[in-house]
Amino acid sequence: MTLPGLRERKKQRTRNALIRVALELFTARGYEGTTVDEIVEAVEVSQRTFFRYFSSKEEVAFAVQQMVEERFVRSLGQRPPAEGPLDAMRNAVLSSWDTIGEAITAVVPVGLYLRTFRLIESTPALLAVHLRRSTEMEETIARIIAEREGVDVDADPRPRIAVAAFSGVMRVTGQMWGRGEDQSLEAIRALTEEYLDHLAPALAPHWRDRRAFPDAP
């Protein structure tokens with residue numbers, strides 16, 4: 001693999017600095033209370049430099065999440081064809097978490113990543129964007145699953161249903177991680193695995209011991 005040149009490394013450092021400082025300001029002062037001028041002043045670059053990397057405050061607010069999502073999509077596309085849809089998504093997200101930690105911490109501390117997650121959920125403007133992005137991501141994943149399974153995503157509802165179930169588990173996982181005491185990346189990976197393992201049992205017709213309901217269908 002070819003290592004990036006000095007110019008590319010410098011550009012990456014500038015981009016990372018803009019993300020880190022922007023998220024620090026957003027979480028300290030609020031998203032609405034932070035301006036692009038304040039971000040570029042803190043990083044000591046121009047507005048022109050900021051807009052060379054990001055089209056808006058919104059884009060920089062979701063930059064780390066975008067990186068995580070792109071890792072997952074790439075991982076899903078590389079899963080073996082023999083894996084079923086839910087297994088492929090499960091294994092893709094777990095393998096992504098095995099490598100994403102280093103990528104995240106190269107840009108922002110884990111604590112800042114968590115505070116940004118909470119900020120998004122508590123800021124109406126960002127939450128609306130998050131929901132739109134989630135819908136778009138679900139559609140992307142559904143089309144990948146449909147292609148893997150050789151079905152028409154617009155004629156067969158199963159890809160979108162499977163992805164909706166998977167996405168619901170991931171949302172709950174993120175919420176519970178944010179509320180927990182252990183807020184490490186290792187913790188969210190373990191929680192992701194545990195909750196995904198509960199998906200099939202949660203969809204079973206009966207949760208209680210079937211011996212107590214012998215006449216149940």
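**Entry 1. Overall fold**

I read the chain along its sequence and found the pattern α-α-α-α-α-α-α-α-α-α-α. I counted eleven helices and zero strands; helices (H or I, at least four residues) and strands (E, at least two) are DSSP runs numbered from the N terminus. The model is predicted, so I note that local features need pLDDT of at least 70, that side-chain atom pairs count only at pLDDT 80 or more, and that totals for chains, interfaces and linings use all residues. Residues are numbered from 1 along each chain as its sequence is written, and side-chain values use heavy atoms, with hydrogens and water left out.

I recorded the extent of the C-alpha trace along its principal axes as about 70 × 40 × 30 Å. Of the 217 residues, 40% count as buried, where buried means under 20% relative accessible area, exposed over 50%, and partly exposed in between (1.4 Å probe, protein chains only). I then looked at contacts, defined as heavy atoms within 4.5 Å. Among contacts between residues at least 6 apart in sequence, 63% join residues at least 24 apart.

**Entry 2. The annotated region**

I looked up the record: UniProt, in an unreviewed entry, places the feature "DNA-binding region" at residues 35–54. UniProt positions are given in the numbering used here, feature names are shortened, and annotations may be inferred rather than shown by experiment. In the model, I found residues 35–54 to be 75% helix and 0% strand, with the end C-alpha atoms 14 Å apart.

**Entry 3. Helix α5 and the loop after it**

I examined α5, residues 63–77, and found that its 15 residues reach 21 Å from the first C-alpha to the last, close to the 21 Å expected at 1.5 Å a residue. The expected span is 1.5 Å times one less than the number of residues. I listed A63, V64, Q65, V68, E69, F72, S75 and L76 as buried in α5. These buried residues pack against α1 (6–29), α4 (57–61), α6 (85–105), α7 (110–122), α8 (124–149) and α9 (158–179).

I next checked Q78, in the loop between α5 and α6. Q78 counts as exposed because its relative accessibility is 64%. I noted that Q78 and A88 are ten residues apart in sequence and 9.2 Å apart in space, C-alpha to C-alpha.

**Entry 4. Helices α7 and α8**

I compared the 13 residues of α7 with the expected span of 18 Å; the end C-alpha atoms are 19 Å apart, which agrees. The buried residues of α7 are V110, L112, Y113, L114, T116, L119 and I120. I singled out T116, which counts as buried because its relative accessibility is 7%. Leaving aside neighbours within four places in sequence, I found T116 in contact with L23, T27 and A61.

For α8, with 26 residues, I set the expected 38 Å against the 37 Å between its end C-alpha atoms, and the two agree. I found L126, V129, H130, R133, S134, M137, I141, A142, I144, I145 and A146 buried in α8. The buried residues of α8 pack against α4, α5, α6, α7 and α9. After α8 comes G150, with a positive phi near 70°.

**Entry 5. The largest pocket**

I searched for pockets on a 1 Å grid over the protein atoms alone: a pocket is an open set of points where a 1.4 Å probe fits, with protein on both sides within 12 Å along at least five of seven lines, and lining residues have an atom within 4 Å of a point. Grid points are joined across faces, edges and corners, and a volume is the space filled by probe spheres set on the points.

I noted a volume of about 770 Å³ for the largest pocket. Its lining has 34 residues, of which Q65, V68, E69, H130 and M170 lie nearest its centre. I found that α5, α6, α7, α8, α9 and α10 (185–197) each supply at least two residues of this lining. The largest share, eight residues, comes from α9. I classed the lining as 20 nonpolar, ten polar and four charged, counting Ala, Val, Leu, Ile, Met, Phe, Trp, Tyr, Cys and Pro as nonpolar, Asp, Glu, Lys and Arg as charged, and the others, Gly among them, as polar.

**Entry 6. The second largest pocket**

I recorded a volume of about 420 Å³ for the second largest pocket. Of its 21 lining residues, R15, A63, Q66, M67 and E70 are the closest to its centre. I found two or more lining residues from each of α1, α4, α5 and α8. The most come from α5, with seven residues. By class, I counted ten nonpolar, three polar and eight charged residues in this lining.
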